[in-house]
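Let's take a look at some charged side chains and who they pair up with. Have the sequence and the 3D view ready.

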Amino acid sequence: DVQLQASGGGLVQPGGSLRLSCTASGFRFEDFDLGWIRQAPGKELEVVSCIRKRNGSTYYSDSAKGRFTASRDNVKGTGSLEMNSLKAEDTAVYYCAAGPSDWRYRRQQYYRYWGQGTLVTVSS
């Protein structure tokens, strides 16, 4: 069975850091782009990062750039998202997801496999 699971969310104060983890199984993880997608209260789904399968480059949204760092281990079938300097507007459910490695990686509709998500709350 195809599975993706995000974990590591929780409550953190503004300016703090949090590391999210993603584990994948049931498909050839190395053949897919790995995305992190979030949904904040009242907002649309937003692709915050994507590690491309083909060339190894990583995309970050404007909101994530300079603060978040994504990584992956294709042998282990895992990924992570290190989030620093967190702000209240980062509060969201975060999902890890896999897409087929083409030009559509900035769109949430691109992602084929989704995990259940993990909640990050940034509040004092």
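Is R67 buried or exposed? R67 counts as buried, because its relative accessibility is 11% and the cut-off for buried is under 20%. Keep in mind that this is a predicted model. In it, the salt bridge count comes to nine, and here are some of them.

**The network around D90**

- R67 has company: its side chain meets that of D90 in a salt bridge, at 2.7 Å from N to O.
- This pair links distant parts of the chain, with R67 in the loop between β6 and β7 and D90 in the loop between β8 and β9, 23 residues apart.
- D90 also forms a salt bridge with R38, this time at 3.0 Å from N to O.
- R38 sits in strand β4 (residues 33-39) and D90 in the loop between β8 and β9, so this pair ties together parts that are 52 residues apart in sequence.
- Both partners are tucked away: D90 counts as buried at 1% relative accessibility, and R38 is buried too, at 6%.
- Put E46 into the picture as well, and you get a network of salt bridges linking R38, E46, R67 and D90.

**The R19 and E82 pair**

- R19 and E82 form another salt bridge, and their closest N and O atoms are 2.9 Å apart.
- R19 belongs to strand β3 (residues 18-25) and E82 to strand β8 (residues 78-83), so to speak a long-distance link, with their positions 63 residues apart in the chain.
- R19 is partly exposed, with a relative accessible area of 48%.
- E82 is partly exposed as well, at 22%.

Technical notes:
Residues are numbered from 1 along each chain as its sequence is written. This is a predicted model: local features need pLDDT of at least 70, side-chain atom pairs count only at pLDDT 80 or more; totals for chains, interfaces and linings use all residues. Side-chain values use heavy atoms; hydrogens and water are left out. A salt bridge is a side-chain nitrogen of Lys or Arg within 4 Å of a carboxyl oxygen of Asp or Glu. Helices (H or I, at least four residues) and strands (E, at least two) are DSSP runs, numbered from the N terminus. Buried means under 20% relative accessible area, exposed over 50%, partly exposed in between (1.4 Å probe, protein chains only).
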